[in-house]
Amino acid sequence: HADALKHLDEALKMLERLYGDPDGHPDVARTLCNIGTTYYAMGLEPGNIMAEEHLNRAKGYHTRSLEMRRRFHPDGHPDVVTSLTNLGTTHDAMEDPSSALKYLLDAVNVIRKIGSSISKRSAAQVIDMTGSLYWSDGNHSKALEYHIEALGLRNGDMDFDRVSSMVNVATDYLDLERYEEALHAYTETVKLIEQLGGGSDKGLATAVLRSIAEACIEMGERTHEQEYFIVATQADSLAAGY
């Protein structure tokens with residue numbers, strides 16, 4: 001990371017001299033964003049005694065990048081979404097969930113404003129993260145709302161991002177004690193994993209299936225309905241095959 005920061009800092013100084021514009025330039029904003037992302041990665045390193053300082057620096061660079069990008073794109077742009085998302089994840093890492101949620105909600109608002117200008121994959125990722133922040137805060141109804149929206153953007157995708165969205169929706173239903181809907185969502189998730197053949201990461205597929213089995217057993221014990229145990233057995237058997 002030290003070498004990357006050195007080169008990025010040199011690039012930033014060169015670009016600032018080259019453009020000499022007090023309002024900045026898209027290339028300057030992108031470099032600020034890259035520096036912020038590097039500091040963020042350093043802040044997440046295990047055992048880093050300077051983690052707090054690195055995350056604060058990440059926040060500072062991402063803030064400068066966002067300010068520039070908003071001037072360039074007052075009507076919204078994928079780059080603005082990127083900067084807002086970066087600030088959201090940085091604040092989350094700094095254990096400031098209310099600020100993290102604020103930035104992610106701003107990012108979602110921009111996504112809805114610019115529509116097809118941003119890829120469905122990128123939009124789904126941000127919306128899914130927003131739902132997960134609501135979930136962490138215990139607001140399962142709001143979490144469900146955003147997780148369903150993210151899943152809608154991933155419909156038809158044959159990958160584990162869609163699996164992740166389906167599990168999030170199912171978990172929200174479970175937390176809301178809407179067991180039949182949770183069971184349906186878990187059942188569809190098991191079917192998708194089977195279609196994917198476990199995907200490239202068999203360990204991940206196994207972990208997801210085991211967690212689904214545990215959730216279905218929990219619902220079965222609460223409801224005393226056999227159908228939950230049947231899905232649990234299906235998930236467990238599929239996991240054993242990986």
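**Exercise 1. Decide whether K191 is buried, partly exposed or exposed.**

Solution. Start with the value: K191 has a relative accessible area of 44%. Now bring in the cut-offs: buried means under 20%, exposed means over 50%, and partly exposed is in between. So K191 counts as partly exposed. Where does K191 sit? Look in helix 9. One thing to keep in mind as you work: this is a predicted model.

For a bit of extra practice, find T223 as well. K191 and T223 are 32 residues apart in sequence, and their C-alpha atoms are 23 Å apart in space.

**Exercise 2. Describe the overall build of the chain.**

Solution. Step one, count the secondary structure: the chain has 11 helices and zero strands. Step two, read along the sequence, and you get the pattern α-α-α-α-α-α-α-α-α-α-α. Step three, check the dimensions: the C-alpha atoms fill a box of roughly 70 × 40 × 30 Å along the principal axes.

Step four, look at burial and surface. Of the 242 residues in the chain, 44% are buried. The chain exposes about 12,600 Å², with carbon and sulfur atoms supplying 50% of that area. Last step: take the contacts between residues at least 6 apart in sequence, and 61% of them join residues at least 24 apart.

**Exercise 3. Find the largest nonpolar core and work out which helices build it.**

Solution. Here's the general idea first: in soluble globular proteins, nonpolar side chains tend to be buried together. In this chain, the largest nonpolar core has 33 residues, and V163, Y186, I193, C216 and M219 have the most contacts inside it. Next, see who contributes: helix 7 (140-154), helix 8 (160-175), helix 9 (179-196), helix 10 (202-223) and helix 11 (226-240) each supply at least two residues of this core. Helix 9 gives the largest share, nine residues.

Now zoom in on Y186. Skipping its neighbours within four places in sequence, Y186 is in contact with A170, T171, L174, I212, A215, C216 and M219. Don't stop there, though: apart from this core lies another one, with 23 residues, among them V81, L87, A100 and V110.

**Exercise 4. Work out what surrounds L209.**

Solution. First place L209: look in helix 10. Then check its burial: the relative accessible area is 0%, so L209 is buried. What does L209 touch? Leaving out neighbours within four places in sequence, L209 is in contact with V190, I193, A235, L238, A239 and Y242. As a distance exercise, try N139: L209 and N139 are 70 residues apart along the chain, and their C-alpha atoms are separated by 25 Å.

**Exercise 5. Take two asparagines, N48 and N86, and say whether each is buried or exposed.**

Solution. Begin with N48, in the loop between helix 2 (26-43) and helix 3 (51-72). Its relative accessibility is 18%, so N48 counts as buried. Beyond neighbours within four places in sequence, N48 is in contact with M42, G43 and H54.

Then go to N86, in helix 4 (residues 78-93). N86 has a relative accessible area of 15%, so N86 is buried too. Not counting residues up to four places away in sequence, N86 touches C33, T37 and H62.

**Exercise 6. Explore the largest pocket.**

Solution. Start with the volume, about 170 Å³. Then list the lining: L151, G152, N155, R162, M166, V169, Y173, E181, H184, A185 and E188. Which helices supply at least two lining residues each? Helix 7, helix 8 and helix 9 do. Finally, sort the lining by type, and you get five nonpolar, three polar and three charged residues.

**Exercise 7. Look at the phi angles of E95 and E177 and say what stands out.**

Solution. Recall the usual case: most residues other than glycine have a negative phi. Now check E95: phi is positive, about 60°, although E95 is not a glycine. E177 also has a positive phi, near 60°.

Next, place them. E95 is in the loop between helix 4 and helix 5 (97-114), while E177 lies in the loop between helix 8 and helix 9. To finish, check accessibility. E95 has a relative accessible area of 71%, so E95 is exposed. E177 comes in at 56%, so E177 counts as exposed.

Key. Residues numbered from 1 in each chain as written. Predicted model: local features only at pLDDT ≥ 70, side-chain atom pairs only at ≥ 80, totals over all residues. Heavy atoms only, no water. Core = buried A, V, L, I, M, F, W, Y, C linked by side-chain atoms within 4.5 Å. Buried < 20%, exposed > 50% of the residue type's maximum accessible area, 1.4 Å probe, protein only. Helix = DSSP H or I, 4+ residues; strand = E, 2+ residues; numbered from the N terminus. Contact = heavy atoms within 4.5 Å. 1 Å grid on protein atoms, 1.4 Å probe; cavity = no way out; pocket = protein on both sides within 12 Å on 5 of 7 lines; lining within 4 Å. Points joined across faces, edges and corners; volume = space filled by probe spheres on them. Nonpolar A, V, L, I, M, F, W, Y, C, P; charged D, E, K, R; others polar. Areas by Shrake-Rupley, 256 points an atom, 1.4 Å probe, with all protein chains shown as cover.
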